[in-house]
Amino acid sequence: MSSFDTSNIKSPWILHYDTGSCNGCDIEVLACLTPLYDVERFGILNVGNPRHADILVITGAANKRSARVLRNLYEQMPDPKMVVAVGICAVSGGVLHNCYNVLGGVDKVIPVDVYVPGCAARPEAIIDGIVLALQKIPEKRKLLKSREAKTA
Amino acid sequence: MSTRTVIPMGPQHPVFPEPLQLKLSLKDEKIVDVAPALGYVHRGIEKAAEKNDFTQNVFLVERICGICSFIHAVCYCMAIEDIMKIELPPRANYLRVIWGELHRLHSHMLWLGLLADSFGFESLFMKFWEIRERILDILEKTTGARVIISACAIGGVRRDISDEHLQEILTVIDKCEKELNGIIPVVMSDTTVKRRTVGVGVIEKEKAIHLGIVGPVLRASGIAQDARMTGYGAYKYLDFKPVVEESGDCYARAVVRAKETYQSIGLLRKAINQLPSGDILTKYKGNPGKAAAVSRVEQPRGELIYYVEGNGTKNLERVRVRTPTFSNVPALSKMLPGMELADAPVIVLSIDPCISCTER
Amino acid sequence: MTQTDTQPQEKQFPVLEGAENITIDNLTARVKKLDEEGYRLLTATCLDRGEKYEIYYHFDKDLTMLHLRLLVNKEEEVPSLSLIYLCAFLIENEMKELFGVKFSGLFVNYGGRLFLGEDSDITPMLKCVDC
């Protein structure tokens, strides 16, 4: 394992994007970073640049305009990128399922690795979801390597 | 020769928790023009509210905004109660005020923290959010959820607050007040805060009405306008006086919100001390008739207006939501020009933008 | 789910209590007068009434609300209020996009793409028979 591989599990950087959420999950994601839950002490940082990020945290159901932005952000992130869908809207559309501008869950737009249900998802649940995503990183890295070998 | 540069700020930007895009036209470092682009959070809740049962809508409108969700539900329920002529038990009115003020308290602390974050004052941001958690703990204790509490129902509220919990609220807000006394002076008088906010993004009193601004932004421009002055719910018994500042800049907006946190604490104490006993929910029968009603309440961000029209069935004919940020966004086109690019995040945050409210 | 309003012309619609009726011709003059009196434009509500649009303009002064009620045919152009109240441009753009109301003299024109994406359906808020 290279030092890059360990550091991206030990200190993952997070990119948060709201695709059409009510704000409830957004503030809970932010609450994870503030003193009571304080995930920063574990080296988990919130960054603004997708090129620095390891984990994409998405809140809210995807709509037509934000789907394009979301796809852009996802493509700009370096591999192995993990996607965590936070809140029931990001999982399946939830209470907004019958709104005309809602496409549904985020998985309609990009592949999702971890689903965190809840309305709004609690900070404990969000942290749990991110830890689960971290556990899945080695598996995903292996998958990517085998895919690379095949194309080579 | 300087030429114009257009910088798109957003939709993904570290300062905004939500996607808002501003196309800023710059001449050197100065902003000359701004065009807001919306639509990244538009869902179509107004239409969905026509498809749903009117009782289900209480839960739908709460999801318009997660920060002031309870107040959205109160406004919707007030409109339905107006159409169906439902009288509320007095205790329910007071409980609505208590939860509403708790929401305002945590929303204002959240905003004061985000403002500090927007000019890079990280420790102040963390401090405000630490105190805010105590309010969320009360919300969780009294209703079972942290942000979207679903405690409001047509005809009253769905849960009662026990005497034990009321006492606890009083002790927690006392504690919050003590802690706020330690950090609110930083917002009010610290040089670093003042350098970034005084004289930035000014809206004069004369222009304020034509720009349609509402809430703390309007009150910071010297106009005493607050929907709580209409005395809806139990506010008529609480002797409410709005907080007004004169200078109309970002600093005044911060001061208005800082003073309003203390005001909310005062209102909470009064409401808890006067809380009458009795029922919390009026039973009703049937569907909203063929009538329309307009209701308005004060959100942390300003005045919230609902237009609800029934048609005799369980579905509603129309639900129109006018949220405070929707009225405050046009003002950005007057606040930003002439300012430095580095001031843009502070100015945009000073209206407390809630994009999920704006676009519904 | 079936909508009940398949025959809108037979249906009686409620009128907001205390609303003042206006027409396209005297809308601008009336609003100018309200502006001089110091009224604040709160918002406007658009309703789909089959052949017509019903638009309510809500004003406020000293905590009393005033509602203007305007009935227009769907093809008719409504004069924009954005030159009197700047804040009206967002409200009118929203109505234009979600209902298809035509406005003349709109201060900032989003071209019917304020909220919706470039490939979305237009005027989603209109009542439709089969949805």
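Two residues are in contact here if their C-beta atoms, placed from the backbone, lie within 7 Å. With that in hand, we can begin where chain C meets chain B: 26 residues from chain C and 29 residues from chain B take part in the contact. This is a predicted model, in which local features need pLDDT of at least 70 and side-chain atom pairs count only at pLDDT 80 or more, while totals for chains, interfaces and linings use all residues. Residues are numbered from 1 along each chain as its sequence is written, and chains are lettered from A and ligands numbered from 1 in the order in which they are written.

Let us stay with the side of chain C that touches chain B. Strand 2 (40-49), strand 3 (52-61) and helix 2 (88-99) of chain C each supply at least two of its residues; helices (H or I, at least four residues) and strands (E, at least two) are DSSP runs, numbered from the N terminus. Strand 2 of chain C gives the most, with 6 residues. By class, this side has 19 nonpolar, 6 polar and 1 charged residues. Here Ala, Val, Leu, Ile, Met, Phe, Trp, Tyr, Cys and Pro count as nonpolar, Asp, Glu, Lys and Arg as charged, and the others, Gly among them, as polar.

Now for chain C as a whole. Chain C has 2 helices and 6 strands, and from the N terminus on they follow the order β-α-β-β-β-β-α-β. Of its 131 residues, 35% are buried, meaning that 20 or more other C-beta atoms lie within 10 Å of the residue's own (exposed is 12 or fewer, partly exposed is in between, and C-beta atoms are placed from the backbone).

Chain B also touches chain A, where 33 residues of chain A are in contact with 35 residues of chain B. On the chain A side, strand 1 (13-20), helix 2 (24-33) and helix 3 (64-76) each supply at least two residues. Helix 2 of chain A gives the most, with 7 residues. That side divides into 18 nonpolar, 10 polar and 5 charged residues.

Next, step into chain B itself. Strand 2 (residues 21-27) and strand 3 (residues 30-37) of chain B run antiparallel and are joined by 7 bridges; strands pair if DSSP finds at least two bridges between them. Q21(B) has A37(B) as its bridge partner. The two strands form a hairpin with 2 residues between them, and D28(B) in the turn has a positive phi of about 55°.

Further along chain B, 3 strands form an open antiparallel sheet in the order 6-7-8. Strand 6 (292-299) and strand 8 (316-322) are the edge strands, each pairing on one side only. Strand 7 (residues 302-310) and strand 8 of chain B pair over 6 bridges, and G310(B) is the bridge partner of L316(B).

Two helices of chain B meet this sheet. Helix 11 (residues 324-335) packs on the sheet, touching strands 6, 7 and 8, and its direction makes about 125° with that of strand 7. Such angles run from 0 to 180 degrees between N-to-C directions, with axes fitted to C-alpha atoms, for helices over the stretch in contact. Helix 3 (residues 69-84) of chain B lies across strand 6 and strand 7, at about 155° to strand 6. Because 15 of the 16 residues of helix 3 of chain B are buried, this helix is largely enclosed by the rest of the structure. Just after helix 3 of chain B, K85(B) takes a positive phi of about 55°.
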